[in-house]
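Subject: The structure we talked about

Hi,

Here is the structure I promised to pass on. Open it up and keep it beside you while you read, and I'll walk you through what turned up.

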Amino acid sequence: MDKLGRAAKNLKLTAISELVLALLKFFSRRMFVVFLGKEYLGISGLFTDILSLLSLAELGVGVSITYSLYSPAAHGDTETVKSLMALYRRVYRGVGLVVLAAGLALTPFLDFFVKEMPENIPHISLIYLLTVLNTGVSYFLSCKATLLFVQQRKYMDALIRAAVALLATAAQVTALWLTRSYLWYLAIAVCATLAQNILISLETDRLNPYLREREVRPLPREKREEIRRNVKAMLLHRLGAAAVFGTDNILISKFVGVATTGLYSNYVMIRGFLNAVISSLFDAITPAMGNLNATEGEEERRTAFRRLDFFSAWLFGWMSICLFWLYDPFISLWLGGGYLLPREVVFLITVNFYVSSMRVPVSNVKGVMGLFWDDRYRSIAEAAVNLGVSILLAERWGIAGVLAGTLVSTLALPAWIEPLVVYRRGLHLPVRTYFAGYLLRTAVTVAAGVATGLLCRMTGEGFGGFCLKALLCAAVPNGIYLAVYSGTEELKFLQKEAAALVRRIF
């Protein structure tokens with residue numbers, strides 16, 4: 001199967017799987033709210049953020065080995081693939097044990113993370129321990145999914161996850177209905193995590209039978225040194241990412257309250273659906289970029305990045321406009337008007353989504369080029385700025401202050417340092433061309449957003465009003481983008497590729 005065929009299959013099946021997963025999550029969250037309420041949502045979001053910090057034990061090994069797998073997978077070097085996967089498996093077993101041990105050690109200190117621990121939630125420590133167990137076991141056998149990703153077989157991983165999630169959601173909703181117990185809900189989640197990892201591991205072994213061979217060559221010294229160097233850099237990147245993106249719920253719980261954390265988690269869940277869509281698209285594109293980086297010349301890499309950056313700006317701009325104008329109408333229909341946050345908070349959530357999403361093409365290209373080392377200290381500085389500004393502003397502005405801290409830290413450092421590294425070290429081009437394009441496309445998105453909003457304000461409330469707003473969000477921004485970018489080389493390329501991709505998909 002050619003590259004376009006693999007990309008089409010990946011995109012089609014992962015999109016279907018992510019849609020199924022999203023529908024299941026929205027249904028499950030609705031039942032969660034009906035049977036348990038806001039404060040359980042807040043506790044769930046808080047514990048998830050606490051444990052996301054423990055994922056630092058992974059040390060960035062996954063990203064480093066993924067980069068190392070591109071070349072041997074592209075050239076059919078099964079011996080090197082075997083050696084890398086053996087290393088990956090050993091590390092992830094250790095990571096799972098570290099997460100379990102560190103998570104258990106934090107149990108006595110849970111009160112520190114919450115402004116006021118809810119008295120109407122029994123067995124909070126047991127809830128936390130089950131959440132720890134679910135996070136810890138997720139590392140066992142999970143490394144096999146990386147090989148499917150590199151081989152452009154991500155769709156197999158996605159289909160397995162969707163099938164397991166369908167069964168797990170049915171069991172969880174039934175358990176909530178019968179018992180009103182969050183403990184049963186979490187116990188089923190642990191079983192589902194184990195089941196999906198086992199099934200993905202078995203499928204990877206079936207497609208790559210050489211992974212079952214006991215004889216594994218040790219990695220060459222230069223390869224080990226390369227991975228060690230990348231891991232050192234990625235550890236710093238992960239520290240920064242965890243401090244910036246993994247602490248919002250903790251800070252909101254600490255400075256505002258666990259109920260507000262529950263409200264925020266609903267907005268995060270919707271944003272998470274869009275992030276899953278983005279991941280599906282880029283999971284189809286990134287392995288091809290990795291293959292191109294391993295086999296093609298510099299000019300081809302430049303052209304590929306320019307087209308990817310254009311596509312990303314269009315997609316993320318449109319998604320951000322949809323988020324801002326559809327967030328509140330959707331949540332009102334889904335959960336009720338009592339689950340809404342102030343509009344200034346919604347604005348900050350949307351801007352953070354846009355700014356962080358615009359980093360995706362740069363980060364992905366940086367990853368496939370292995371440029372982890374050059375900006376390794378940037379993440380630590382970003383984390384310090386984020387925590388300092390967020391804590392300072394949270395005491396004055398509450399949840400808006402926490403989100404403003406995230407925005408300030410992103411704009412102050414990674415928004416310009418990451419492109420600088422990619423352009424100087426990877427593409428060997430002046431970075432001013434990137435920023436000129438970024439500012440122009442952002443201005444177009446702001447204009448499209450304002451035009452869409454003016455029309456959305458003319459619609460009514462309720463389901464009919466939401467549908468009209470959704471139609472306007474689909475038509476107006478994309479019409480403006482087409483008018484502005486008509487005739488550009490990037491748009492012509494995307495139209496050609498999209499037509500070919502649609503034919504392959506259907």
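Let's start with a pair of side chains: R441 and D309 meet in a salt bridge, with 3.0 Å from N to O. The two come from distant parts of the chain, since R441 sits in helix α18 and D309 in helix α12, 132 residues apart. Are these two buried or exposed? Both R441 and D309 are buried.

Before you go further, keep in mind that this is a predicted model.

**The overall picture**

How many helices and strands does the protein have? There are 20 helices and zero strands. Of the 506 residues, 56% are buried. If you take the contacts between residues at least 6 apart in sequence, 83% of them join residues at least 24 apart.

**More salt bridges**

Searching the whole structure gives 10 salt bridges. Another one that links distant parts of the chain is R359 with E418, where the closest N and O atoms are 3.1 Å apart. Here R359 is in the loop between α13 and α14 (360-368), while E418 belongs to helix α17, and 59 residues separate them. Both R359 and E418 are buried. There is also a little network: R306, R307, E489 and E490 are joined by salt bridges that share partners.

Now have a look at a local pair. R206 makes a salt bridge with E203, and their closest N and O atoms are 2.7 Å apart. Where do R206 and E203 sit relative to each other? They are three residues apart in helix α8 (residues 182-207), so about one helical turn separates them. R206 has 51% relative accessibility and therefore counts as exposed, because the cut-off is over 50%. E203, on the other hand, has a relative accessible area of 19%, which means buried, as that is under 20%.

**A pocket to look at**

Next, find the second largest pocket, which holds about 430 Å³ of space. Its lining is made of 16 residues, and F347, T350, V351, T445 and V446 lie nearest the centre. The elements that give two or more residues to this lining are α12 (298-334), α13 (343-357) and α18. Which of the elements gives the largest share of the lining? That is α18, with six residues. You met α18 above as the helix that holds R441, and α12 as the one that holds D309. As for the kinds of residue in the pocket lining, 11 are nonpolar, five are polar and none are charged.

**Two histidines with a positive phi**

Most residues other than glycine have a negative phi. With that in mind, look at H123, where phi is near 60°, a positive value in a residue that isn't glycine. H123 lies in the loop between α4 (78-105) and α5 (124-137). Its relative accessible area is 53%, so H123 is exposed.

H428 is the second case: its phi is positive, about 55°, although H428 is not a glycine either. You'll find H428 in the loop between α17 (414-427) and α18 (432-456). Is H428 buried, partly exposed or exposed? Its relative accessibility is 45%, so H428 counts as partly exposed.

**Helix α19**

Helix α19 covers residues 462-485, which makes 24 residues. From its first C-alpha to its last, α19 reaches 35 Å, close to the 34 Å expected at 1.5 Å a residue. Which residues of α19 are buried? They are G465, F466, K469, C473, V476, P477, N478, Y481 and Y485. Just after α19 comes G487, with a positive phi of about 95°.

**One last residue**

T131 is in helix α5. It has 12% relative accessibility, so T131 counts as buried. Leaving out residues up to four places away in sequence, T131 touches F47, L51 and L186.

If you want a place to begin on screen, start with R441 and D309, the buried pair, and then turn to the second largest pocket, with α18 in its lining.

Cheers

Note on methods
Residues numbered from 1 in each chain as written. Predicted model: local features only at pLDDT ≥ 70, side-chain atom pairs only at ≥ 80, totals over all residues. Heavy atoms only, no water. Helix = DSSP H or I, 4+ residues; strand = E, 2+ residues; numbered from the N terminus. Expected span 1.5 Å × (residues − 1). Buried < 20%, exposed > 50% of the residue type's maximum accessible area, 1.4 Å probe, protein only. 1 Å grid on protein atoms, 1.4 Å probe; cavity = no way out; pocket = protein on both sides within 12 Å on 5 of 7 lines; lining within 4 Å. Points joined across faces, edges and corners; volume = space filled by probe spheres on them. Nonpolar A, V, L, I, M, F, W, Y, C, P; charged D, E, K, R; others polar. Salt bridge = Lys/Arg side-chain N within 4 Å of Asp/Glu carboxyl O. Contact = heavy atoms within 4.5 Å.
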